[in-house]
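The exercises below are meant to be worked through with the sequence and the coordinates open side by side. Each task is followed by a solution that goes step by step.

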Amino acid sequence: MADTAPFDTRPLDERRKVTTTEIPFSSLAADAVRVTEAAAVASFAQIGRGDEMQADQLAVDAMRTQLNQLEIDGLIVIGEGERDEAPMLYIGEAVGTGRGPAVDIALDPLEGTTLTAKAMPGALCVLSMSAGGGMLHAPDTYMDKIAIGPGYAPGTVDLDMSPAENVRSLASAKGVDPRDITVCVMDRPRHSELIAALREVGVKVMLIGDGDVAGVIHTTDPATGIDLYLGSGGAPEGVLAASALKCVGGHFQGRLVFRNDDERARAHRIGITDLNRKYDLHEIVATDAVFAATGVTGGALLDGVKIERGLVSTHTVVMDSSTHTVRRIRTTRPL
């Protein structure tokens, strides 16, 4: 796809002062769907072809092209990495025409590059947008996360509680036995102690190979059977997941994890000085936001892209925290 939109080259601090227009969230939600659908369709060509980098690049290119056509003064706060690591959609990149409201953008052009390359279920194209300054500018590090869906009192679960304490507290709030609780955890060696602790309590542990944004969102949908998400994963994905939970009233906490001095330096560069801080959902996403995800390969959350007889079909979920609405959109159009 060719990038036909004019790109605003003014310094970021000047762009952010352009407008104080109230964010039109209904319009922004429609824009978000258009962006994630384009990325998913672009990624389709690489399903099962074994090339993770090419699959990601196609999604990045398509997403950037669509973002630069939007009438927003957009700033990527969660992206593909820092500028020296990512040629496009890097943290701090300006997108949009620059002629609309100031908007913070968190994105994962292809959550599940391995899933796409291996034609495995659950790959998504994900985007969230909030008012300018509304999202945590998280560095590209790990984050400890805990999440549950809506309908629970604050403090039902907490990062500072043990896995067993969290399970028992949630089970009490649900009025069920702890053995009836299902916990979603990424299947990684770093989670071996966590998984063992959960199994000691007797809960059901659902292990996922990739896609912790989808894993967190599963806690909001009773049909998935997942009650609790626990474990560490990417901090950028944590911001995206928190955005989705904010739209439906779920609960999320995150704490950044720093493995070396380079990662601590990244945090300092973007103004994070308290490296041990526990962030609540509303600190991670402080203003209203919209969240959109389009399936690339079919999974429990969304169906994947289908192309037949010159028609392309997509399945997207879009959420709006300003109205607490969740829509599932099936689109079919000429390829």
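**Exercise 1. Find the bridge partner of Cys125 in β11, and then describe how β11 is paired and enclosed.**

Step 1. The residue of β11 that forms a bridge with Cys125 is Thr294. The model is a predicted one, in which local features need pLDDT of at least 70 and side-chain atom pairs count only at pLDDT 80 or more, while totals for chains, interfaces and linings use all residues. Residues are numbered from 1 along each chain as its sequence is written, and side-chain values use heavy atoms, with hydrogens and water left out.

Step 2. Strand β4 (residues 124-131) pairs with β11 in the antiparallel sense over seven bridges, where pairing requires that DSSP finds at least two bridges between the strands. Strands are DSSP runs of E with at least two residues, helices are runs of H or I with at least four, and both are numbered from the N terminus.

Step 3. β11 also pairs with strand β13 (residues 311-320), again in the antiparallel sense, over five bridges, and there Phe291 stands opposite Met319.

Step 4. Strand β11 (residues 289-295) is largely enclosed by the rest of the structure, because seven of its seven residues are buried; buried means under 20% relative accessible area, exposed over 50%, and partly exposed in between, with a 1.4 Å probe and protein chains only.

Step 5. In a regular strand the side chains alternate between the two faces of the sheet. For β11, Ala289, Phe291, Ala293 and Gly295 are buried on one side, and Val290, Ala292 and Thr294 are buried on the other.

**Exercise 2. Which residues have the most contacts inside the largest nonpolar core?**

Step 1. A nonpolar core is a set of buried Ala, Val, Leu, Ile, Met, Phe, Trp, Tyr and Cys residues joined through side-chain atoms within 4.5 Å. The largest one has 45 residues, and those with the most contacts inside it are Phe252, Ile284 and Phe291; helix α8 (residues 235-248) supplies the largest share of this core, eight residues.

Step 2. Leaving out residues up to four places away in sequence, the contacts of Phe291 include Val126, Leu127, Val213, Ile217, Leu240, Ala244 and Val317, contact being heavy atoms within 4.5 Å.

Step 3. A second, separate core of 36 residues includes Ala59, Leu115, Ala292 and Val312.

**Exercise 3. Determine the strand order of the open sheet of six strands and name its edge strands.**

Step 1. The order is β7-β6-β8-β5-β9-β10, with mixed pairing.

Step 2. β7 (204-208) and β10 (278-280) are the edge strands, since each pairs on one side only.

Step 3. Strand β9 (residues 251-257) pairs with β10 in the antiparallel sense over three bridges, and Gln253 has Asp280 as its bridge partner in β10.

**Exercise 4. Where do Arg188 and Gly211 lie, and is each buried or partly exposed?**

Step 1. Arg188 lies in the loop between β6 and α6 (192-201) and is partly exposed, because its relative accessibility is 23%.

Step 2. Gly211 lies in the loop between β7 and α7 (212-217) and counts as buried, because its relative accessible area is 9%.

Step 3. Not counting residues up to four places away in sequence, Arg188 touches Ile208, Gly209 and Asp210, whereas Gly211 is in contact with Glu111 and Met186.
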